[in-house]
Structure formats: structure tokens, C-alpha cells
Amino acid sequence: MRRRAFTLIELLVVIAILAILVAILVPVFIGVIESSRRAKCTSNLKNIGKGVHESAADNGQAIPGFDSATTQWRRIGHYNNTPTSLNMDDGTRPLFMLMYIPSGATAKAVNYAAPAAFVCPSVTTAKPDPIGYSTQVGFTSPFNISYSVQHQIRVSVTGRLTLTGVPQRPICADKNPLMFYGGGTSTAGGTTFYGMDPTTAAHTANSVNHKSVGQNVLLLDASVSWRTTPVIPGGTDNMWDPRGQVSALVGSELPVDADDVFLVP
């Protein structure tokens, strides 16, 4: 008996069925992976929130913040090896203070959070900070920090944010979409400047960490919520800029007042 071979039409039908299955299953598979990454990101922010509360308990209920002689917040690594410098302009430094704080001319480990907690798994270029020297008081690179935090550079001007504030106030979230990596560098402690999107459309966009679908947001009460808009529920305050700001930012703005949520950089 001769074996019957597949006809060309039958082969094409099989190939078409396989193509359809791939087209259906691949997005599902990708969605499962992103869902897992988003869950890890949520866990990261919960760990950061726990660290913020532990730090506040040791510092009169005040969450991490510092008083700089300047207001520039779109830098990273600025004088991060000079703990006593008042010229440090680094919006991410309050988060680094959950790991290391100035102690004279060196840095003291406080262990409220670990370097891995500050990198979102959905950001493929992100990696935990190696923290390579004993005086380090700021993140080394933009790739070591995937989150934006409440602006607390000039606490003598804006007032120190404490745990006694509104429990549902956002204090940290996936990276502000106005910011992007690849800024210029200077000789001041290896400073990297974040670039800024000059369009007003970016003010109403979601973080790019999760494909601009939404962002995980850490609240003052240490809870984390997934939000598909940067506008705070029940009001018009936008997390990405000072209240009422609709034009491009320059990188040296302060919150309008103590109640203004402004996550940087």
C-alpha cells in the first residue's frame, strides 16, 4: 500500500492554523510576563513604603528628605560621594537615604531598603546600584533607579513631609514620563542630567515603565495602587508636575505648597 502524502492545500491549512495559534498565544504569554513584572514592581514599592515608615519612626515621623542649597532635581549622581556638600541637586536622593545617609565625611548604612527594590523589572536596562564606595549618598546611574519620589530637596522651604499627612497621598511611583535617560554629564561628581520631554502632552501621560498603560503608586500609608492616570483621584493635582504647571519644566521647580504632590525626577 502506498502512503498518502499531504496535499499543498492541507499543508497551507496546517500552517495557517499554527499561525493563528501563535498570534493568539504570544500576546497572552507576553501579557502574563508583564503581569508578573508588574506584581514584582508592586512588591518593590511596598518594600520602599515599609522602609519609609521605618525611617520615619526613627526620625520624628519625617520621611526622607534633605535641605540642599539649590533646587535642581533632574540630576543623579551629583556630588554623591561628598556627603557634606549642600550643593547636591538630586531628586532621587531621598530614596537612596533608605540605604545610606551622611555620617560626617562618610556614609552610614541604614538598611531600610535594598538596592534591588529600586529597579522595576519591566525596565530592561535597569540594574541594582553596585554602591561602590564608602562615601556614596546618591544613586550612581539613572539605570539604578526606576521610580520617582515626592520632591524633598528643599525641606526648609517646602516643609518636611511626615507620616501625619493624608494617608492616600502619593509619595513614590513608576518613573515620571517627562524624564528620559541619556542626559549630559558634568564634572560635578559624575552628574547625569535627565532629559525632559518639552511637550505638554507628557504631563498627562502614564509612566513608560509599563508601556504607558499605567503606574504603580506608593501612598503615604505604605499601600500601593495601580493607576491609569497621573491625576490624583478627587482633585486636579498631577503627580508629574507642580500643581497648575502646564508648560515644560526646567528642572528646578519646587512644589507649590506642602500639599502639592510632585514626584521627581
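**Figure 1. Asp237, a buried residue in a loop of the predicted model.** Asp237 has a relative accessible area of 10%, so the residue is classed as buried. Its place in the chain is the loop that runs between strand E10 (224-227) and strand E11 (263-264). A polar atom of the Asp237 side chain lies 3.1 Å from the backbone nitrogen of Val261. Val261 is also among the residues that Asp237 touches, leaving aside those up to four places away in sequence. The other residues touched, with that same exclusion, are Pro230, Val231, Ile232, Arg243, Asp259 and Asp260.

**Figure 2. Arg154 and its contacts.** Arg154 is found in the loop between E4 and helix H3 (155-158). With a relative accessibility of 19%, Arg154 counts as buried, because the limit for that class is under 20%. A polar atom of the Arg154 side chain is 2.9 Å from the backbone oxygen of Ser68. Ser68 belongs to a run of contacts that also includes Phe66, Asp67, Ala69, Thr70 and Thr71. Gly159 and Leu254 are touched by Arg154 as well; residues up to four places away in sequence are not counted. Leu254 is 100 residues from Arg154 along the chain, yet the C-alpha atoms of the two are separated by 7.9 Å.

**Figure 3. The cysteine pair Cys41 and Cys120.** Zero disulfides are found in a search of the whole structure. For Cys41, the closest cysteine sulfur is that of Cys120, at 3.9 Å. A disulfide requires the sulfur atoms to be within 2.5 Å, so this pair is too far apart for a bond. Seen from Cys120, the closest cysteine sulfur is in Cys41. Both residues are buried: Cys41 has a relative accessibility of 0%, and Cys120 has 2%.

**Figure 4. The cavity and its lining.** One cavity of 30 Å³ or more is found in the whole structure. The volume of the largest cavity is about 80 Å³. Helix H1 (8-57), H2, E4 and strand E5 (170-174) are the elements that each give two or more residues to its lining. The lining residues include Ile48, Val52, Ile63, Pro64, Pro94 and Leu95. Also in the lining are Val149, Gln150, Gln152, Ile171, Cys172 and Leu218. Sorted by class, ten of the lining residues are nonpolar and two are polar, while no charged residue takes part.

**Figure 5. Tyr79 and Asn111, two residues with positive phi.** Most residues other than glycine have a negative phi. Tyr79 is not a glycine, but its phi is near 50°. Tyr79 sits in the loop between strand E1 (75-76) and helix H2 (93-96), and is partly exposed with a relative accessible area of 28%. Asn111, likewise not a glycine, has a positive phi of about 60°. The loop that holds Asn111 lies between strand E3 (106-109) and strand E4 (147-150). Asn111 is exposed, with a relative accessible area of 63%.

**Figure 6. The cis peptide bond from Val264 to Pro265.** Most peptide bonds are trans. The bond that leads from Val264 to Pro265 is cis, and its omega is near -10°. Pro265 is located in the segment after E11.

Note on methods: Residues numbered from 1 in each chain as written. Predicted model: local features only at pLDDT ≥ 70, side-chain atom pairs only at ≥ 80, totals over all residues. Heavy atoms only, no water. Buried < 20%, exposed > 50% of the residue type's maximum accessible area, 1.4 Å probe, protein only. Helix = DSSP H or I, 4+ residues; strand = E, 2+ residues; numbered from the N terminus. Polar contact = N/O pair within 3.5 Å; in protein donor to acceptor, adjacent residues only side chain to side chain. Contact = heavy atoms within 4.5 Å. 1 Å grid on protein atoms, 1.4 Å probe; cavity = no way out; pocket = protein on both sides within 12 Å on 5 of 7 lines; lining within 4 Å. Points joined across faces, edges and corners; volume = space filled by probe spheres on them. Nonpolar A, V, L, I, M, F, W, Y, C, P; charged D, E, K, R; others polar.
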